[in-house]
Amino acid sequence: MTGKIHVTTTINGDTVEFLADPRESLLDCLRDHVGLTGSKEGCGTGDCGACSVRLDGTLVCSCLVLGVEAEGKSVETIEGMAKDGELHPLQRKFIEHAALQCGFCTPGILVAAKALLEKNPDPTETEIRFWLAGNLCRCTGYDKIIRAVQDAAAEMRGAK
Amino acid sequence: MVAVNLWSSLARFTDGARVVEVQAATIAEALKALVALHPGLEPILAGGVSVVVDGVVVPNRHAALAPDAEIFLLQQMKGG
Amino acid sequence: MPKDDMKSGYRLVGTRPNRPDGLDKVTGRARYGADANLPGMLWAAVVRSPHAHARIISIDASKALALPGVKAVVTRADLPTGLTGENLNLQDNTLAGDKALYDGHAVAAVAATSRLLAEEAARLVVVDYEVLPHVIDVDDAIKPDAPVIREGMADYSVPEGMHGNVVRYMEEGHGDIEAGFAAADIVREQTYRTEATHQGYIEPHACLGQMGEDGRGEMWVCTQGHWYIRRMCSAVLGIEAANLRVTPSEIGGGFGGKTTIFMEPLTLALSKKAGGKPVKLVMSRSEVLRATGPTASASMDVKIGMKKDGTITAGQVYFRMQGGAFPGMSPISEALQCAFACYDIPALKHEAVEVLANRPKAAAYRAPGSPMAAFAVESLVDEMCRELGLDPIETRLKNAVREGSRSSFGPVYNQIGLVETLEATRAHPNYAIPLGPNQGRGVGAGFWMNHGGETSVSLAIGEDGTAQVMVGTPDIGGSRASIGLMTAETLGIPYENVRVNVVETGALGVNEPTHGSRATFASGKAAVEAARQAIAEMCRRAAAEWGIDEDAVEWKDGAAHPAGPNAGKFPPLSIADIGATMGSTGGPISGHHESTPGGVGASFGCHVVDVEVDPETGRTTILRYLVVQDAGRAIHPAYVEGQYQGGAAQGIGWALNEAYIYGRDGRLQNTVFLDYRIPVASDLPMIDTVIVEVPNPGHPYGVRGVGETGITPPLPAIANAIHAATGARLRALPMAPPKVLAAIKAKG
């Protein structure tokens, strides 16, 4: 019987502590110990991107990160994307463009798209498609998702 | 008389007839009359069939039939 | 290109407001199947057969039960006996009986205090198997030397003399087939094959179930149909349906694969054994691929007779399909109904057999049977068009069914939109774009009949004049928005003043699942009727208030008005006015409607795809994709477009890359998304859409279901485009690069 490990980390700006079985993924810990169920398990093998989070700013599949690795680091999840009750432009544009149907892949795609736009505020359609190639969507065919990201990027560039 | 059309593999229960004419005022009466003429059809109808009357799926067995209605029995289908 | 500019004459229907669940979904607040937790909750894990076919000699769970934290184990011995038919199939698939019938078949389940502990306990359950010979491929399964994998599964339909693995037979046709072929200028026949694919929803099946010693239980589950879950779990467990309350979570995709049960009864059985503690079971991706319900694989012979001018004189098909190890699961009936559904052909002969194989129990997948049939028929039509030098759309127009045509499966068509769809396709700029080297254009037509199904809807007027609608069809594609639009349109109030809720089984009468493209049609139609009932009651209240006849009141713009100058001069009473006083004017005001609606309208579609094929690698790139489809009336055009694009994407994956790959040992080889690879964002271009509207007279707003037709045309359209680009004709899916390359080389 393995002993649990006490983890102290920062999630969406808040200090959070939890006990992790060393075999548990960060995704398991977020969902089962911290109550943040916005990140989803679609595959458990890092292929679908539904569990995408930022770990010290790096976009990762949280199913491929151990929960104990979050010790002393900062984690950003979908729950931290809206600030002070205001949706991020990506979130707004996704609703406006009907860029979601079942919505299960949406948190992962939003987290990934936000990472893209921070790195590249004016991506081409091809750049968006390849950046999001690690986020599977089965409902939309990606068309409206790409348009929403393009529109959000344009708004964010215009607002500067 | 109402014409009840059957799919081809049912013809073995009706001595080869693909269309059976019956006297009926409702779908339920038509099916009952059909089984009375060809009892081999009973388990198939009991298992559930889709009834199409004059080109329209009619799910209510008590629905009234026009005197010259054309009925097709089809396998039940729903979708995904 | 949307048809927003088309005057629908409605205030709300046809507009694009935000969907009500959008906010929850973009913030991660929406709760799906695995997102619920209860105090004292246990986790479940399933023990699954590693053999494609094996007799189960014994199951020893003693080591698992000895592990601290393990609270219960269930096996088939814990389930009631005496079931028959489809209920027995469901029970056999929930937990194997005397044989494991496919790789991944559930044999036992355990519940423990953590997920890791449950998985450890599952590994400690010792199962003694006697491995048996297996069959996998649909054509191999009926070879003379193929072992019969289950005795006595054939029903009345199977003629004498067929292989023991044939369990269903279907025959349909009309006209003189010999004369039909004799009247043709060319007669061609070919064989086409499609592989099994999975619906590929990103959300794995998940369920939280609780059942006490008294047999009363509750479930939280991601499902397309919670009344089906209730009925099926009750049957499998031998409990009364009214004792089980099922609440649907938000659902992360279904496409037909979540219209049935797989492991849900296990949560209840484990809970009861564990003293009524709630039990949560979340399937892993590999469990989903191995042990839920992919679609059938098919081997299809097609023969068509055509005149030089493109008139089709006769059509004949013989389809062979496997739907796993359980009878009745493959869509042979649907495939036959759809095969020639687009064409008015005087002589037709259809035959199909369903064959058992040691594979998982197939479930519905978006227009089940239609894509396979279209791949075969539309490919051969294209081959013959090219041989005769005919335009593919003109040829389809020449043979297209219209209102009054006799359908291929018998009944006469009412108002349908195939001709309008083909004409809109022909007129689209995409059809005229010039192509370059190694590029080709393909066309495919498709059909789905759509479904009505049991529907119960309830509507209540609030004290502030807002309205809440309770429906029983889980929202997969935006139906809460479209039902909200139709309700608000009918009531004459703002869209924001209507809230549509998907409610649990205890709150409404029976509802069939969200399948058969029925939610917007059937729940929408019922919501409109329920709203009309509430309107009638509100008019009665106004009439009473004014002291005039009920017939002298009309409802307009969200308020009751005196109808005509003779009724009296009274200022209108708005829905809010009436709602505020309803407690003292007769009581709360509601409307409700229950029916199994008729008036379903079929939806026809036509797709055009431009591809470029790399002659050195065989890789196919989709350059351009166009979906044209008849929606009857697009209540919310963005969500209709979404269905068109989503269906196309799944069809593209099925055509180019997706397949179930089995090893010689009968075990599924590609059990994760890396190897079962569905289209990703970089595989696809923007998907152009045209919404054709030939309103369905059977629905108050003209709605035709749209969700399913869109997966059908891509399979043949892409095969046709690859042929146009390379001169090589592929007749087996998927058309993955190695196969395309081999076909190009073989062509020489």
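**Exercise 1. Locate Pro734(C) and describe the peptide bond that precedes it.**

Step 1. Pro734(C) sits in a loop of chain C, between α17 (714–726) and α18 (737–747). Helices (H or I, at least four residues) and strands (E, at least two) are DSSP runs, numbered from the N terminus.

Step 2. The bond from Leu733(C) to Pro734(C) is cis, and its omega is near -5°.

Step 3. For background, most peptide bonds are trans, and most residues other than glycine have a negative phi.

The model is predicted: local features need pLDDT of at least 70, side-chain atom pairs count only at pLDDT 80 or more, and totals for chains, interfaces and linings use all residues. Residues are numbered from 1 along each chain as its sequence is written, while chains are lettered from A and ligands numbered from 1 in the order in which they are written.

**Exercise 2. For Asn12(A) and Asp84(A), give the phi, the loop and the exposure class.**

Step 1. Asn12(A) is not a glycine, yet has a positive phi of about 55°. Asp84(A), also not a glycine, has a positive phi of about 50°.

Step 2. The loop that holds Asn12(A) lies between β1 (5–11) and β2 (14–20) of chain A. Asp84(A) is in the loop between β5 (74–76) and α2 (89–96) of chain A.

Step 3. Apply the cut-offs: a residue is buried if 20 or more other C-beta atoms lie within 10 Å of its own, exposed if 12 or fewer, and partly exposed in between, with C-beta atoms placed from the backbone. Asn12(A) has 17 C-beta neighbours inside 10 Å and therefore counts as partly exposed. Asp84(A) has 4 such neighbours, so it counts as exposed.

**Exercise 3. Work out the fold of chain B from its helices and strands.**

Step 1. Chain B contains two helices and five strands, which follow the pattern β-β-α-α-β-β-β along the sequence.

Step 2. The five strands make an open, mixed sheet in the order β2-β1-β5-β3-β4. Two strands pair if DSSP finds at least two bridges between them. At the edges are β2 (19–22) and β4 (56–57) of chain B, each pairing on one side only.

Step 3. Strand β3 (residues 49–53) of chain B runs antiparallel to β4(B), and two bridges join them. Here Val52(B) stands opposite Val57(B).

Step 4. Helix α1 (residues 27–37) of chain B packs on the sheet and touches β1 (2–5), β2, β3 and β5 (70–75) of that chain.

Step 5. Buried residues account for 34% of the 80 residues in chain B. The C-alpha atoms fill a box of roughly 35 × 25 × 20 Å along the principal axes.

**Exercise 4. Which chains touch, and what makes up the side of chain C that faces chain A?**

Step 1. Two residues are in contact if their C-beta atoms, placed from the backbone, lie within 7 Å. Two pairs of chains are in contact, and chains A and C share the most contacts. Chains A and B do not touch, with their nearest C-alpha atoms 14 Å apart.

Step 2. In the A and C pair, 42 residues of chain C are in contact with 43 residues of chain A. On the side of chain C that touches chain A, α1 (22–27) and α16 (637–656) of chain C each supply at least two residues. The largest share, seven residues, comes from α16(C).

Step 3. By class, this side of chain C has 22 nonpolar, 14 polar and six charged residues. Ala, Val, Leu, Ile, Met, Phe, Trp, Tyr, Cys and Pro count as nonpolar, Asp, Glu, Lys and Arg as charged, and the others, Gly among them, as polar.

How values were computed:
Axes are lines fitted to C-alpha atoms, for helices over the stretch in contact, and angles run from 0 to 180 degrees between N-to-C directions.
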